[in-house]
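The questions below work through one model, beginning with its strands and ending with its loops.

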Amino acid sequence: MSIITIHNLKKYYGSGSSQVKALDGVDMTVAQGEFAAIVGPSGSGKTTLLNMMGGLDLPTQGEIIVDGVTLSSLREEQLAVFRRKRVGFIFQNYNLVPTLTVEENILLPLDLDGSSPDTGFLGDVTELLGLKDIMHVYPETLSGGQQQRVAIARALSAKPAIILADEPTGNLDSKNGQNVAGLLKMTTELYHRTLVMITHNLELAQLADRVIRMEDGRIME
Ligand SMILES: Nc1ncnc2c1ncn2[C@@H]1O[C@H](COP(=O)(O)OP(=O)(O)OP(=O)(O)O)[C@@H](O)[C@H]1O
Ligand SMILES: [Mg+2]
């Protein structure tokens, strides 16, 4: 069963001779529970594609269905609810809220949604990610690897249908990058989540079930 279905997706910026075709007719599916890596040169459209899957940006043309929801049918506030409930985002620069503790950051998606945490599940996740002893500290005191492990816990906390990671190891040295990518794979597999990860690191891409290669706004087969 596919959890992400994309059909003839196009995203154009600007017009006339200065028009940029960030996505130029992308067709793809991602299966429930799959780990797909997206690779490709800078500017090939990887982030644009990932942001569309997460409802962060709207296409010029084409269709995206995530977890049975056709994104183009949603109004702005419905899209915000979709993002909160069904998508876990992980960014290169961690994007933790500096004024919240580790625990508060992890619980943020649930708080924003007004839903109560599954404490057993969150206890297991924070244990697996090695966060138990730092739950009450603030992000600025943490290393990059620790911050990204917090971001992984945050992405999982609301049990979203899909986890989208845009170069999650891009700011880490290779040892920490390996470690974070391994934990991301392990936790998403354990909890049967679907993971789409952009990376420039071909070694890390090999961790995925499938590698999707992009070039000039298209998927190369
Ligand atoms: N908001 C925007 N306005 C205009 N052009 C944009 C915008 N966002 C992206 N683009 C252009 O769309 C193309 C694809 O950009 P995108 O960020 O998706 O590439 P990428 O593959 O993620 O690259 P990188 O590996 O450097 O992160 C690029 O040519 C980029 O300049
Ligand atoms: Mg990018």
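Two strands count as paired if DSSP finds at least two bridges between them. The model discussed here is predicted.

Q: In which sense do β6 and β7 pair?
A: β6 covers residues 87-90 and β7 covers residues 162-166. Four bridges link these two strands, and at least two are needed for a pair. One of the contacts joins Phe 89 to its bridge partner Leu 164 in β7. The sense of the pairing is parallel.

Q: Which residues of β6 point the other way from Val 87 and Phe 89?
A: Val 87 and Phe 89 point one way from the strand. The residues on both faces of β6 are buried. Those pointing the other way are Gly 88 and Ile 90.

Q: Which strands stand at the edges of the open sheet?
A: The sheet has six strands in the order β6-β7-β8-β3-β9-β10, with mixed pairing. Two of its strands have a single partner each, so one side of each is left without a neighbour in the sheet. These edge strands are β6 and β10.

Q: By how much are neighbouring strands of this sheet turned against each other on average?
A: The strands in question follow the order β6-β7-β8-β3-β9-β10. With direction ignored, the average turn between neighbours is 25°.

Q: Which residue of β9 is the bridge partner of Val 39?
A: β3, residues 35-39, pairs with β9, residues 210-215, in the parallel sense. The two strands share four bridges. In β9, the partner of Val 39 is Arg 213.

Q: Is Ile 219 buried or partly exposed?
A: Ile 219 belongs to strand β10. Its C-alpha atom is 9.5 Å from that of Gly 45, although the two residues are 174 apart along the chain. A buried residue needs 20 or more other C-beta atoms within 10 Å. Ile 219 has 19, so its class is partly exposed.

Q: Which element gives the most residues to the shell around ligand 1?
A: The shell includes Tyr 13, Val 20, Ala 22, Lys 46, Thr 47 and Thr 48. Two elements, β2 (20-31) and α1 (46-53), give two or more residues to it. The one that gives the most, with three residues, is α1.

Q: How many residues in the shell around ligand 1 are polar?
A: Gly 40, Ser 42, Gly 43, Ser 44 and Gly 45 are among the residues of this shell, and glycine is counted as polar here. The shell also has three nonpolar residues and one charged residue. The polar count is seven.

Q: How many of the eight residues of α1 are buried?
A: The buried residues of α1 are Lys 46, Thr 48, Leu 49, Leu 50, Met 52 and Met 53. α1 is therefore largely enclosed by the rest of the structure. The number buried is six.

Q: Are α5 and α6 roughly parallel or roughly antiparallel?
A: α5 spans residues 144-157 and α6 spans residues 174-190, with axes 10 Å apart. The crossing of α5 past α6 is right-handed. Their packing angle is about 15°, and angles under 35 degrees count as roughly parallel. The two helices are therefore roughly parallel.

Q: What is the phi of Tyr 94?
A: Tyr 94 lies in the loop between β6 and α3. Tyr 94 has 20 other C-beta atoms within 10 Å and is therefore buried. Its phi is positive in a residue other than glycine, near 70°.

Q: Where does Glu 167 lie?
A: Glu 167 has a positive phi of about 50° although it is not a glycine. With 22 other C-beta atoms within 10 Å, Glu 167 is buried. Its place is the loop between β7 and α6.

Terms used: Residues numbered from 1 in each chain as written. Chains lettered and ligands numbered in written order. Predicted model: local features only at pLDDT ≥ 70, side-chain atom pairs only at ≥ 80, totals over all residues. Buried ≥ 20, exposed ≤ 12 C-beta atoms within 10 Å, placed from the backbone. Near = placed C-beta within 6 Å. Axes fitted to C-alpha atoms, helices over the stretch in contact; angles between N-to-C directions. Parallel < 35°, antiparallel > 145°, perpendicular 65-115°, else oblique. Left-handed = near helix turned anticlockwise from the far one by under 90°.
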